[in-house]
Amino acid sequence: MADVAQLAGVSSQTVSRVANGHPSVVETTRRQVLDAMRQLGYRPNSAARALRSGRFRTIGVILFTLSTTGNVRTLEAIATSAAAEGYAITVIPVEAPTQDGVNGAFTRLGELAVDAVILLMEVHLLDAASVSLPTDVPVVVADSDAGDRYPVVDTDQAAGSRVAVEHLLGLGHETVVHLAGPVGSYAGQRREDAWRQALLDAGRTVPPVRRGDWSAASGYEVGLEIARTDATAVFAANDQMALGLLRALAESGRRVPADVSVVGFDDVPDAVAFLPPLTTVHQDFAEVGRRLVTGVLRQLAEHTTPHGTTLVPTRLVERASTAPAPGRTT
């Protein structure tokens, strides 16, 4: 490192910052240092740095599925935020969301040498009193109802669902059908509960729940059933199911939004290209990822074990898939 610093005409501390990917280094200086590294054949030794600092500069991420949009986009945001802080991530998928599965994942992460752990929870696992996490490593949890025991970061699922329902009721629809997520999903349950409560608060009839599995295929299958009813408004628990629903309604001769208005949840990048472009609830996955990374790094720096839930706001993005109820002009 001293040789690199001498050749580049900078301090050893600057070389260290470049090696760790620290964002505070001026780009011209970064290029000088990288050029010196190439000339000298220098490569940072992560094992040596870990022995010296006691840190591996790696965050472990445990997750139970990569099949959902939310988990994929949150993982991407975690990786981006971690890199900005000079950290890498190690991903451990867990096939079975059980205590044994969690314990096994922590064991593997211990062997891989990580400084902290982020859990992406798609299911109600930490709600059970019998389920606990190791106490010797900083942990932050995403999408969980365990804020009384662990630090949790989540988007405001309830507020997002409520605004979706209120938007449809405000367009004159008598009630709103819900295309819900699978049983056992924390996010799905939050959205379903908020949909139901919003209808009850407005004094409206609560229709039977229609349930999918987050996929467009399930949205299509359930959508064929919804198309045979007199529903004029549907709130889908995610955009992928909304996509399948749009196809089912179109094939059944139900026009969107003239006959049926549809609202999704997530605001995936492709939502603007749906036919029609989808009105949906936007989740700020980048902010969730940033707060998850910030949370574990704060624990590392302050040697604290906090708890409590941080909610990232959601917002409704109005596009062309919603309109006044049939027969209404406002």
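**Close-up views of salt bridges and helix contacts**

**View A. A salt bridge joins Asp267 and Arg319.** Arg319 is partly exposed, its relative accessible area being 25%. The structure shown here and in the other views is a predicted model. Asp267, in contrast, is buried, with a relative accessible area of 11%. The closest N and O atoms of the salt bridge between Asp267 and Arg319 are 3.0 Å apart. This pair links distant parts of the chain, with the two positions 52 residues apart in numbering: Asp267 belongs to the loop between β9 (261–266) and β10 (279–282), whereas Arg319 belongs to the segment after β12 (315–317).

**View B. Glu287 and Arg291 form a salt bridge within helix α11.** Helix α11 spans residues 285–302, and the two partners are four residues apart in it, about one turn of the helix. Their side chains meet with an N to O distance of 2.7 Å. Glu287 has a relative accessible area of 17% and therefore counts as buried, since the limit for a buried residue is under 20%. Arg291, at 28% relative accessibility, is partly exposed.

**View C. Arg255 is paired with Asp259 in a salt bridge.** The closest N and O atoms of the two side chains lie 3.0 Å from each other. Arg255 is exposed, with a relative accessibility of 53%, because exposed residues are those over 50%. Asp259 is buried, at 18% relative accessible area.

**View D. Four charged residues share a network of salt bridges.** The members of the network are Glu192, Asp193, Arg196 and Arg211. Side chains of opposite charge can pair when their charged atoms come close. In the whole structure, a search finds 14 salt bridges.

**View E. Helices α7 and α8 pack in a right-handed crossing.** Helix α7 comprises residues 157–170 and helix α8 comprises residues 186–201. Their axes are 8 Å apart and form an angle of about 40°, so α7 and α8 are oblique to each other. On the α7 side, the contact involves Gln157, Ala158, Ser161, Arg162, Val165 and Leu169. The residues of α8 that they meet are Ala187, Arg190, Arg191, Ala194, Trp195, Gln197, Ala198, Leu199 and Asp201. By class, eight residues of this contact are nonpolar, three are polar and four are charged.

**View F. Helices α9 and α10 also meet in a right-handed crossing.** The two helices cover residues 216–227 (α9) and residues 239–251 (α10). Their axes come within 6 Å and cross at roughly 40°; α9 and α10 are therefore oblique to each other. From α9, the contact is made by Ala216, Ser218, Gly219, Tyr220, Gly223, Leu224, Ile226 and Ala227. From α10, the contact is made by Gln240, Met241, Leu243, Gly244, Leu245, Arg247, Ala248, Leu249 and Glu251. The residues of the contact between α9 and α10 divide into 10 nonpolar, five polar and two charged.

**View G. The chain as a whole provides the setting for the close-ups.** It contains 11 helices and 12 strands. Of its 330 residues, 49% count as buried. Among contacts in the chain with a separation of 6 or more, residues 24 or more positions apart account for 70%.

Methods. Residues numbered from 1 in each chain as written. Predicted model: local features only at pLDDT ≥ 70, side-chain atom pairs only at ≥ 80, totals over all residues. Heavy atoms only, no water. Buried < 20%, exposed > 50% of the residue type's maximum accessible area, 1.4 Å probe, protein only. Axes fitted to C-alpha atoms, helices over the stretch in contact; angles between N-to-C directions. Parallel < 35°, antiparallel > 145°, perpendicular 65-115°, else oblique. Left-handed = near helix turned anticlockwise from the far one by under 90°. Contact = heavy atoms within 4.5 Å. Nonpolar A, V, L, I, M, F, W, Y, C, P; charged D, E, K, R; others polar.
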